[in-house]
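Work through these exercises with the structure open beside you. Try each task before you read its solution.

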Amino acid sequence: MSPDPSEDEEDVTWVSFSSAGYGSAEDDPWEDVVPVPSPDPEVDWYDDDSIDGEAAIQWDAPPCPAPLGIAHLIRIGCCDHCLHRLSGRRTEKRGSEGGSELREQSILTNPDLSDVGSGSDCPTCENLMDDARNISEIISSACEGIEYATMQVGVHIPKDLMEEEDAIRTRYGAPASTPLKATFVEEIQSILTGEIGDIEFVKERPDLMILIDTLTLRVEVDVRPVFIYGRYIKNSREIPQTRWPCRSCRGRQGGCEACGSSGLQYEDSVQDLIGIPFAGTMGAEDTAFHGMGREDIDVRCLGNGRPFVLEVKSPRSRSPDLAEFESKISSTSGGRVVVNSLRFSDRKEVARIKQTRSEKTYTIRFSTEEAIDQENAVSLIHSLSGKTVEQQTPRRVSHRRADKIRKRKIVSIDNVEVHGEEIEMTLRCEAGTYIKELVHSDEGRTVPSVSGTLNSKCEVIWLDVENVHAD
Ligand SMILES: [Zn+2]
Ligand SMILES: [Zn+2]
């Protein structure tokens, strides 16, 4: 609060004495009642210890680009980098060299400034700008041997420095001066361009994400994943889609006796049969597998295959020859897994794949209690075509799915063939239909069902996904 003298008789008296030159008199009778002005909140950075001495008090220094403003920045110890970015002046050279030009010019008219060290304790960057080259070297050596075309540089600067820098820049910097963070990042980028050459700096979806912690001078290089889209065909009834942790040891590091130290319940998975060749070639740490739905281990997936996106994590190279992988994967998997339609993709497509709910066509073979007359069976089964069934969460998945009733449509049923006590048929269903349960009814939890319609116990012999109607 700044007192308004017109409202306070005593203060008016003080102001008149003070301005009459009595303020510094040895016998100033008002000495003990001199009010201390409260600090202006806009400039309370001034109380910070990092600005030394009385020289910093320049309450009337105008902002840059005024020469007095530049002189003030020199006086409070700004480094040449900060002098340049806050000055609002055009200089021959940029960065610290430009700042050095400005300093020399300012010293010509303010010789006292030559005593001020050139920013050994810069209040607007705490000499961070001097570390730019060092940090750039750390970055370029950390990126050695990694393939990338684009890079995003992020920097963490301690909050108190950010606040102090902001206060000084707002008060003394030229309008629209570049803040410290942006200047620092630009400097790093310009040094890296000089050292490494062809890099594009981007604001999103980079190949490499660089995070600099200016407090510890630590650099973190995050190699962003490569996403590969494709469709897989699974010709085996013994392979899960994704890695399946060992039931005994729950997949702990090093595994156990039961899983032969692999940590896996099944040695192979579609994920690994596709992912391991890619990870090997690309020098990647690991993969994640995003399928458009999944089939059970004992269900084959045929036709033109199930869409998936393979996420290759932290790869050292990012441009594998995809065509080559189509034959490579089918040969390393012994034909159990075959891929097609491979192309590069992105994280957005993972979301699309996960959200897409497509109809599927299946072929299923099941047995009945006793032989059923062909004609009778065909017409009974066909009566389910076009029907909507209610499926209570199957017992076999109830440990990981909420118990509720789902309504799913049987789009069509075709090719019903009766071979004595076995029946085979093709059916197209809405996404999310439990096909095995549709046949055996899961003890009446799926209504209507093939078992109920035939009035016979039914047991699934095998099931194939014939087609995922995705596109
Ligand atoms: Zn500085
Ligand atoms: Zn195990």
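A residue counts as exposed if 12 or fewer other C-beta atoms lie within 10 Å of its own, and as buried if 20 or more do. Keep in mind that this is a predicted model.

**Exercise 1. Is N415 buried or exposed, and what is the sign of its phi?**

Step 1. Find N415 in strand 11, residues 405–419.
Step 2. Count its neighbours: N415 has 10 C-beta neighbours inside 10 Å.
Step 3. Apply the cut-off of 12 or fewer. N415 therefore counts as exposed.
Step 4. Read its phi. The value is positive, about 50°, although N415 is not a glycine.
Step 5. Set this against the general rule. Most residues other than glycine have a negative phi.

**Exercise 2. Do the same for R205: where does it lie, and is it buried or exposed?**

Step 1. Look in the loop between strand 2 (200–201) and strand 3 (208–213); R205 is there.
Step 2. Count again: R205 has 12 other C-beta atoms within 10 Å, so it is exposed.
Step 3. Check phi. R205 is not a glycine, yet its phi is positive, near 50°.

**Exercise 3. Which peptide bonds leading into P65 and P448 are cis or trans?**

Step 1. Take the bond from C64 to P65. Omega is near 10°, and the bond is cis.
Step 2. Place P65: it sits in the loop between helix 1 (9–22) and helix 2.
Step 3. Take the bond from V447 to P448. It is cis too, with omega near -10°.
Step 4. Place P448: its loop runs between strand 13 (446–447) and helix 13 (450–454).

**Exercise 4. How are helix 2 and helix 4 oriented to each other?**

Step 1. Locate helix 2 (residues 67–75) and helix 4 (residues 95–109).
Step 2. Their axes come within 10 Å and cross at roughly 105°.
Step 3. Angles of 65 to 115 degrees count as roughly perpendicular. Helix 2 and helix 4 are therefore roughly perpendicular.
Step 4. List the contact. Helix 2 gives P67, I70, A71 and I74; helix 4 gives L102, R103, S106 and T109.
Step 5. Sort by class: 5 nonpolar, 2 polar and 1 charged.

**Exercise 5. Which residues touch the most other members of the largest nonpolar core?**

Step 1. This core has 45 residues.
Step 2. I228, Y232, I274, F278 and V337 touch the most other members.
Step 3. Strand 7 (residues 299–313) supplies the largest share, 6 residues.
Step 4. Domain 2 (226–355) and domain 3 (360–468) each give at least three residues.

Note on methods: Residues numbered from 1 in each chain as written. Chains lettered and ligands numbered in written order. Predicted model: local features only at pLDDT ≥ 70, side-chain atom pairs only at ≥ 80, totals over all residues. Axes fitted to C-alpha atoms, helices over the stretch in contact; angles between N-to-C directions. Helix = DSSP H or I, 4+ residues; strand = E, 2+ residues; numbered from the N terminus. Parallel < 35°, antiparallel > 145°, perpendicular 65-115°, else oblique. Contact = placed C-beta atoms within 7 Å. Nonpolar A, V, L, I, M, F, W, Y, C, P; charged D, E, K, R; others polar. Core = buried A, V, L, I, M, F, W, Y, C linked by C-beta atoms within 7 Å. Domains from an automatic or database assignment.
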